[in-house]
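Visitor: I would like a close look at one part of this protein. Please take me through the polar contacts around one buried arginine, and then through the surroundings.

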Amino acid sequence: MNVTFTTAIKLYFANYANFKGRSTRAEYWWAMLFVAILNIITSKIPYFSAVIGLGLIIPNLAIVTRRFHDSGRSGWWVLILLAASIVGCTIALASIFPSIINSPEDPQRVYEAITSNIGTVSLGYGIAVIAGIVSLIFTLLPSGPDNKYGPNPYGPGSEEVAE
């Protein structure tokens, strides 16, 4: 199955909220390139970027879930890794938040808050980074054989075909 950039975008929107089935690496990465380009273009327009980002949460979760399915992993991994990232960032930010709120104009106080809580900040962001790396690895894995999420997108008996 050869997926081009335009085909991937069509599949991305055609499967907007489809959490079942599988997506190949090419389909996933072409769609992520499209989202990155869209983010760059809209980043200069106030509020529009946020609206676009909110509108793409569901299709992003759907395509990463199908990508995980393609390598034989449950979609629950997506939520577990997302939750780990949120918890990690919350731990990191909660340790410095009071200093930011009390002295938003004083960079020295923020710096002192970060350095005095470096262990907590490092732990929090470390959790988020590890979750991101695991997610990246799962999306980079090749298509597996037929599994409970559907047939191999490259056809019967195919273990992996270069995309």
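Guide: What follows starts at R22 and its partners, then turns to the nonpolar core and the surface. Keep in mind that this is a predicted model.

Start with R22. Its place is in the loop between helix 1 and helix 2. Is R22 buried or exposed? Its relative accessible area is 14%. The limit for buried is under 20%, so R22 counts as buried.

Which side chain does the R22 side chain meet in a polar contact? The partner is the side chain of D70, at 2.8 Å. R22 also has a backbone partner. A polar atom of the R22 side chain lies 2.8 Å from the backbone oxygen of G150.

Now move to D70. Helix 4 spans 57-70. The side chain of D70 also makes a polar contact with the side chain of S143, at 2.5 Å. Thus the D70 side chain is in polar contact with the side chains of R22 and S143. S143 is found in the segment after helix 7. S143 has 3% relative accessibility, so it counts as buried.

Next, the nonpolar interior. The largest nonpolar core has 15 residues. Those with the most contacts inside this core are Y12, V35, L56, I63, V64, F68 and L81. Which helices each supply at least two residues of this core? They are helix 1, helix 2, helix 4, helix 5 (76-102) and helix 7 (118-140). Helix 2 gives the most, with four residues.

Take L81 as an example from that core. Set aside its neighbours within four places in sequence. L81 is then in contact with F68, A131, V134, S135 and F138. F68 is also among the core residues with the most contacts.

S135 gives a link to a longer span. The C-alpha atoms of S135 and F48 are separated by 28 Å. These two residues are 87 residues apart along the chain. F48 lies in helix 3, which covers residues 48-55. The relative accessible area of F48 is 39%, so F48 is partly exposed.

Finish at the surface, back in the loop that holds R22. F19 is found in the loop between helix 1 (5-14) and helix 2 (25-42). F19 has 34% relative accessibility, so it counts as partly exposed. F19 also belongs to a nonpolar surface patch of about 540 Å². The other members of this patch are F13, Y16, L54, I57 and I58. The loop between helix 1 and helix 2 thus holds a buried R22 and a partly exposed F19.

Terms used: Residues are numbered from 1 along each chain as its sequence is written. This is a predicted model: local features need pLDDT of at least 70, side-chain atom pairs count only at pLDDT 80 or more; totals for chains, interfaces and linings use all residues. Side-chain values use heavy atoms; hydrogens and water are left out. Buried means under 20% relative accessible area, exposed over 50%, partly exposed in between (1.4 Å probe, protein chains only). Patches are made of residues with over 30% relative accessible area and no salt bridge: like charges are joined within 9 Å, nonpolar side chains (Val, Leu, Ile, Met, Phe, Trp, Tyr) within 5 Å. Accessible areas come from the Shrake-Rupley method with a 1.4 Å probe; for residues, only the protein chains shown count as cover. A salt bridge is a side-chain nitrogen of Lys or Arg within 4 Å of a carboxyl oxygen of Asp or Glu. A nonpolar core is a set of buried Ala, Val, Leu, Ile, Met, Phe, Trp, Tyr and Cys residues joined through side-chain atoms within 4.5 Å. Contact means heavy atoms within 4.5 Å. A polar contact is a pair of N or O atoms within 3.5 Å; within protein, one must be able to donate a hydrogen and the other to accept it, and residues adjacent in sequence count only if both atoms are side-chain atoms.
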